[in-house]
Amino acid sequence: MDLASLNAFIAIAETGSFSEAGERLHLTQPAVSKRIASLEQQLSVRLFDRLGREVSLTEAGRALLPRAYQILNVLDDTRRALSNLSGDISGRLTLATSHHIGLHRLPPLLRAFTRAYPQVALDIQFLDSEVAYEEILHGRVELAVITLAPETALPVQAVPVWNDPLDFVAAPEHPLARDKTIFLPDVARHPAVFPGGNTFTHHIVRRMFEAEGLTPNIAMSTNYMETIKMMVSIGIAWSVLPRTMLDDSVVRLPLQDIQLSRQLGYILHTERTLSNAAKAFMGLLDAQRDNLAYL
């Protein structure tokens, strides 16, 4: 069973398409088909059903997929363990991060890292935090710097770095901005723009409303904080934004007895051998956390 065929199998399983798998692997579609035919011949099973343009895993394919991930992860783990013996901090570091953290938290750390370790090639993937969690779980990235889930289960380990206070905000001319005292039921009556329903931030805010027996009036949603801020600033709706994003285009709503925050940090797979480069980047993140705690 060769690794090139396993990579082709995983790419098709994830994309649901031979042509898209070829684009991901920089191969022609016939070359991808040839690798799958070879793998099916070696295993004496059919791995995909092809019905017109639809491609789906067979029962055998579904059984192979987690084992294929495991085989490739073990090989990558072995390569990293052997490479680490030299003590060099070099090679490729695959890092996932959310757009918000990548824009507002990581730049100073990335600058310091690239200056300290010029031999490391950074592969930064901007993903929703929830998608980055899955990438860590399946071993496709080494580290992810994201909004942490309220709960994280092994084999994924979460390490908080920043406490990120969240504020209720609206445009300066919004009716809610005119009141000196606001309570949660007042806010719930007005249209809101929320982070996407699949996001950790959405769940944090929604749980707060549910704890008070309230249902927010969610008029629209998006996964990008910058887009939410724009929609709030033109008066379409209120929302919740990280305090670090507030400026003159929005105003903080004076809700009584409401303190809301989320944790930002990094996650890793506890059963994976981390490269020296990943350990060095974790060291910068841990130093950032310790400095903030000291302050």
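1. Let's start with histidine 100. Setting aside neighbours within four places in sequence, histidine 100 is in contact with Arg105, Asp164, Met225, Glu226, Pro242, Thr244, Met245 and Arg262. The residue sits in helix α5, which covers residues 99-104. With a relative accessible area of 6%, histidine 100 counts as buried. Please keep in mind that this is a predicted model, so everything in this note concerns a prediction.

2. Now for the overall picture. The protein has 11 helices and 11 strands, and its C-alpha trace spans about 70 × 50 × 30 Å along the principal axes. Of its 295 residues, 43% count as buried. Taking contacts between residues at least 6 apart in sequence, 74% join residues at least 24 apart.

3. A word on surface and charge. About 15300 Å² of the protein is exposed, and carbon and sulfur atoms supply 51% of that area. As for charges, there are 27 positive and 32 negative ones, and the mean positions of these two sets are 3 Å apart.

4. Which residues touch the most other members of the largest nonpolar core? This core has 23 residues, and the ones in question are Leu106, Leu143, Val145, Trp162, Tyr266, Phe281 and Leu285. At least two core residues come from each of β3 (91-97), α6 (107-116), β5 (143-147), β6 (156-170), β11 (260-269) and α11 (276-294). The largest share, 6 residues, is supplied by α11.

5. Phenylalanine 281 is a good place to look at this core in detail. Leaving out neighbours within four places in sequence, its contacts are Leu93, Leu95, Leu106, Leu109, Leu110, Phe113, Leu143 and Val145. Two of these partners, Leu106 and Leu143, are also listed with phenylalanine 281 among the core residues that touch the most other members.

6. Leucine 268 deserves a look as well. This residue lies in strand β11 and is buried, with a relative accessible area of 8%. Not counting residues up to four places away in sequence, leucine 268 touches Ile136, Glu142, Leu143, Pro155, Val156, Gln157, Val159 and Leu274. Leucine 268 and valine 145 are 123 residues apart in sequence, while their C-alpha atoms are 9.3 Å apart in space.

7. On to the aromatic residues. A search of the whole structure finds 8 aromatic pairs. One of them joins phenylalanine 168 and tryptophan 238 in a tilted arrangement, with 5.5 Å from centre to centre and 35° between the planes. Phenylalanine 168 is in strand β6 and tryptophan 238 is in the loop between α10 (225-233) and β9 (239-242), so this pair ties together parts 70 residues apart in sequence. Are the two partners buried or exposed? Phenylalanine 168 is buried at 3% relative accessible area, and tryptophan 238 is buried at 0%. Both belong to one aromatic cluster that is formed by Phe168, Phe194, Phe209 and Trp238.

8. Three backbone spots are worth inspecting on screen. As background, most residues other than glycine have a negative phi, and most peptide bonds are trans. The peptide bond from leucine 154 to proline 155 is cis, with omega near 15°. Proline 155 is placed in the loop between β5 and β6, and proline 155 also appears among the residues that leucine 268 touches.

9. The other two spots concern phi. Histidine 26 is not a glycine, yet has a positive phi of about 60°. Its location is the loop between α2 (18-25) and α3 (29-43), where histidine 26 is exposed, with a relative accessible area of 72%. Serine 44, another residue other than glycine, has a positive phi near 60°. Serine 44 falls in the loop between α3 and β1 (48-51), and serine 44 is exposed, with a relative accessible area of 66%.

10. Finally, glutamate 14. This residue lies in helix α1, residues 3-15, and is partly exposed, with a relative accessible area of 29%. What is glutamate 14 in contact with, leaving aside its neighbours within four places in sequence? The partners are Arg24, Tyr69 and Arg140. From glutamate 14 to leucine 95 the separation is 81 residues in sequence and 20 Å in space, C-alpha to C-alpha. Leucine 95 is one of the contacts of phenylalanine 281.

Conventions: Residues numbered from 1 in each chain as written. Predicted model: local features only at pLDDT ≥ 70, side-chain atom pairs only at ≥ 80, totals over all residues. Heavy atoms only, no water. Helix = DSSP H or I, 4+ residues; strand = E, 2+ residues; numbered from the N terminus. Buried < 20%, exposed > 50% of the residue type's maximum accessible area, 1.4 Å probe, protein only. Contact = heavy atoms within 4.5 Å. Areas by Shrake-Rupley, 256 points an atom, 1.4 Å probe, with all protein chains shown as cover. Lys, Arg positive; Asp, Glu negative; His and termini not counted. Charge placed at Lys NZ, Arg CZ, Asp CG, Glu CD. Core = buried A, V, L, I, M, F, W, Y, C linked by side-chain atoms within 4.5 Å. Phe/Tyr/Trp six-rings, centres within 6.5 Å; stacked < 30°, edge-to-face > 60°.
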